Amino acid sequence: MEVRLRGHHLLCILGFRGKGYSPEFVENMARVVGRIRLKKDTPIRVRLKADDICRPCPFRRSERCTRKPDAERRVQAHDAEVMARLGIPAGAVLPWAEVEARIAAHIAAEDLHQICPTCPWLPLGYCIQGVRELRSAGTPRPG
């Protein structure tokens, strides 16, 4: 069964440490992250709207983020930037192992300051550490 993920959540997964917007959000994200980390061949459908991680988010209304008035527009722009860097078009389906390989090949930990400058989680350093660990693990390059 495929997992639907927004573009920027491809990076968030690397930094997930059991924290989030609500207990329900954390529990759901832990389930999604645990599944794809365990089964690297899990098909991932990359999209520009709410996904399987967003499902219990307290700021989600239908398939839109309502955290701030312009939140959905900004989140979609963020998704699109991550997807462009990884060469993944909206609607593409690829195994999680391929997503990891693309991240390792195209995104350095230092890039996150440019890609995710307003993310409240960035100062915690979890995603930076996650990208560094992924790149140092020698994940195979996409081919």
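Here is a walk through the fold, the core, one helix, the salt bridges and the cysteines of this predicted model.

Let's start with the overall layout. The protein has 6 helices and 5 strands, and going along the sequence they come in the order β-α-α-β-β-β-α-β-α-α-α. Out of 143 residues, 42% count as buried. If you take the contacts with a separation of 6 or more, 73% of them are between residues 24 or more positions apart. As for the outside, the accessible surface is about 7500 Å², and carbon and sulfur atoms own 55% of that.

Now for the inside. In soluble globular proteins, nonpolar side chains tend to be buried together. Here the largest nonpolar core has 36 residues, and the ones that touch the most other members are Leu5, Leu10, Leu11, Ile44, Trp96, Ile103 and Leu112. Who contributes? At least two residues each come from β1 (3-6), α1, α2 (23-38), β2 (43-47), α3 (71-86), α4, α5 and α6. The top contributor is α2, with 6 residues. Ile44 is a good place to zoom in: leaving aside residues up to four places away in sequence, Ile44 touches Val3, Leu5, Leu10, Ile36, Ala92, Val93, Leu94, Pro95, Trp96 and Val99.

Next, have a look at helix α6, which spans residues 126-136. Its buried residues are Cys127, Ile128, Gly130, Val131 and Leu134. These sit on the same side of α6, because the arc they cover around the axis is only 160°. And what lies over them? The cover includes α1 (9-15), α4 (96-106) and α5 (112-115).

On to the charged groups. Side chains of opposite charge can pair when their charged atoms come close. The count for this model is 8 salt bridges. One of them joins Glu27 to Arg31, with 3.7 Å between the closest N and O atoms. Both belong to helix α2 and are 4 residues apart, so about one helical turn separates them. Glu27 is exposed, at 52% relative accessibility, while Arg31 is partly exposed at 49%.

Helix α4 has a pair with the 4-residue spacing too: Arg102 and Glu98 are about one turn of the helix apart, and their closest N and O atoms are 2.8 Å from each other. A further salt bridge brings together the side chains of Glu110 and Arg132, at 3.4 Å from N to O. Glu110 is in the loop between α4 and α5 and Arg132 is in helix α6, so this pair ties together parts that lie 22 residues apart in sequence. Arg132 itself is partly exposed, with 47% relative accessibility.

Finally, the cysteines. A disulfide is a covalent bond between the sulfur atoms of two cysteines. How many disulfides does a search of the whole structure find? It finds 0. Take Cys12: the nearest cysteine sulfur belongs to Cys127 and is 5.6 Å away, and the cut-off for a disulfide is 2.5 Å. Cys12 is partly exposed, with a relative accessible area of 21%, whereas its nearest cysteine partner, Cys127, is among the buried residues of α6. Why is Cys119 without a bond to Cys116? Cys116 holds the closest cysteine sulfur, but at 6.0 Å that sulfur is too far from the one in Cys119 for a bond. Cys119 also counts as partly exposed, at 24% relative accessibility.

Note on methods: Residues numbered from 1 in each chain as written. Predicted model: local features only at pLDDT ≥ 70, side-chain atom pairs only at ≥ 80, totals over all residues. Heavy atoms only, no water. Buried < 20%, exposed > 50% of the residue type's maximum accessible area, 1.4 Å probe, protein only. Arc of directions from axis to C-beta. Contact = heavy atoms within 4.5 Å. Core = buried A, V, L, I, M, F, W, Y, C linked by side-chain atoms within 4.5 Å. Salt bridge = Lys/Arg side-chain N within 4 Å of Asp/Glu carboxyl O. Areas by Shrake-Rupley, 256 points an atom, 1.4 Å probe, with all protein chains shown as cover.
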